[in-house]
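Me: I would like a close look at a single part of this model, and at how the parts around that place are arranged. Please take me through it slowly, as I am in my first year.

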Amino acid sequence: MYQVIGSVASRTFRVLWMLEELGVPYDHVAARPRSDEARAHNPAGKVPVLIAEGVTLTDSTAILTFLADRHGRFTFPPGTTDRARQDGFTQFINDEMDACLWTAARHSYVLPKEKRVPEVKDSLKWEFARRIDALMRRIGDGPFLMGEAMTVPDILATHCGNWAVGAKFPLENPSFNAYVARMRARPAFQRVRALA
Ligand SMILES: N[C@@H](CCC(=O)N[C@@H](CS)C(=O)NCC(=O)O)C(=O)O
C-alpha cells in the first residue's frame, strides 16, 4: 500500500493522478507544504512525498517515474529511444515550464517578503507562453505528447497548464488548451479534482 503525503493543491496532484490512472490503492495524508506533518516525512517540508515499502521518496517527477516503471504503464521501457524521447519531454517541461511557474510562485508567496521581486513575473509569463508554443510544435498529431501513448510528461504538462491558470499566466495557444482540456476530461483526473 502506498502512502501519499501532500495537499491536492500542490504538485501532489500529479502523484494522486498517476495512482488513480494505475488503479492501485493508496492512503492520502493531505499535509500542506512546510507543515509539521510534511516536515515529519521530508525535513525540507516539501511535498509530494510517496512512501513505498517503508521507503520515503521525494520529487514528483521521480515518484511518477518510479510508479510508471514499477507498474509498467504510462512509460516506455528504460533503454529504448522512445524512453529517451519521453524523458526529453519530461526535462523540457521541468526546465522550461515548471521552472517559470515555480519562480513566479517564489516571488509571489514562497520567499520572504523582502526577497521577492514581483516585477519578474511579467517576464516569466512571456517566457512561459513561448515555451508552450515550442512544446506544441513538438507534439505532432497527438493525442498525447508521445503520440498514441499517455506517459509521465503528459501528467506534468497538464498539471503545469492548470497551475498556469491559477497563477494567472495567459494561455493563448489553442492546441495546448485543447490538449489540456482532453487530459482534464480523464476520469482519473476528475477523481483527484474531487478530493480538493
Ligand atoms: N521538484 C519538486 C518540488 C517540490 C515543491 O517545491 N513542492 C512545493 C509544493 S507544490 C512545496 O512543498 N513548497 C514548499 C517550499 O518550497 O518550502 C517536485 O516536483 O516534487
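Reply: Just after helix α5 comes glycine 140, which takes a positive phi of about 70°. The model we are looking at is a predicted one, and the helix before this glycine is a good place to begin reading it.

Helix α5 runs over residues 120-138, which makes 19 residues, and the distance from its first C-alpha to its last is 27 Å, close to the 27 Å expected at 1.5 Å a residue. Within α5, the residues Leu124, Phe128, Arg131, Ile132, Leu135 and Met136 are buried. Because these buried residues cover an arc of only 135° around the axis, they sit on the same side of α5. On the other side of the helix, Asp122, Trp126 and Arg137 are exposed. As for what the buried residues of α5 pack against, their partners are α4, α6 and α7.

Two of those partners, α6 and α7, also meet each other: their axes come within 10 Å and cross at roughly 110°. An angle from 65 to 115 degrees counts as roughly perpendicular, and α6 and α7 are therefore roughly perpendicular to each other. On the α6 side the contact is made by Pro153, Asp154, Ala157, Thr158, Gly161 and Asn162, while α7 contributes Phe176, Tyr179, Val180, Met183 and Arg184. In the loop between α6 and α7 lies lysine 168, whose phi is near 60°, a positive value in a residue other than glycine. Lysine 168 is exposed, with a relative accessible area of 68%, and the cut-off for that word is over 50%.

Helix α6 leads us on to α3, since the buried residues of α3 pack against β1, α1, β3, β4, α4 and α6. The 12 residues of α3, numbered 60-71, should span 16 Å at 1.5 Å a residue, and the end C-alpha atoms are 16 Å apart, which agrees. Its buried residues are Ser60, Thr61, Ile63, Leu64, Leu67 and Ala68. Seen down the axis of α3, they fall within an arc of 165°, so they line one face of the helix. At the start of α3, a side-chain oxygen of aspartate 59 comes to within 3.0 Å of the backbone nitrogen of threonine 61. After α3 comes glycine 72, with a positive phi near 65°.

From the partners of α3 we can follow two further threads. One is α1, the helix in which glutamate 20 has its place. Glutamate 20 has a relative accessible area of 18%, and because buried means under 20%, this residue counts as buried. Leaving aside neighbours within four places in sequence, glutamate 20 is in contact with Tyr26, Ala188, Arg191 and Val192.

The other thread is β3, for proline 48 lies in the loop between α2 and β3. The peptide bond that joins valine 47 to proline 48 is cis, with omega near 10°. On the way from β2 to α2 there is another loop, and arginine 34 lies in it. Although arginine 34 is not a glycine, its phi is positive, about 70°. With a relative accessible area of 48%, arginine 34 is partly exposed.

To return to the place where we began, α5 has its buried residues on the same side, and glycine 140, with its positive phi, comes just after the helix.

How values were computed. Residues numbered from 1 in each chain as written. Predicted model: local features only at pLDDT ≥ 70, side-chain atom pairs only at ≥ 80, totals over all residues. Heavy atoms only, no water. Helix = DSSP H or I, 4+ residues; strand = E, 2+ residues; numbered from the N terminus. Expected span 1.5 Å × (residues − 1). Buried < 20%, exposed > 50% of the residue type's maximum accessible area, 1.4 Å probe, protein only. Arc of directions from axis to C-beta. Contact = heavy atoms within 4.5 Å. Polar contact = N/O pair within 3.5 Å; in protein donor to acceptor, adjacent residues only side chain to side chain. Axes fitted to C-alpha atoms, helices over the stretch in contact; angles between N-to-C directions. Parallel < 35°, antiparallel > 145°, perpendicular 65-115°, else oblique.
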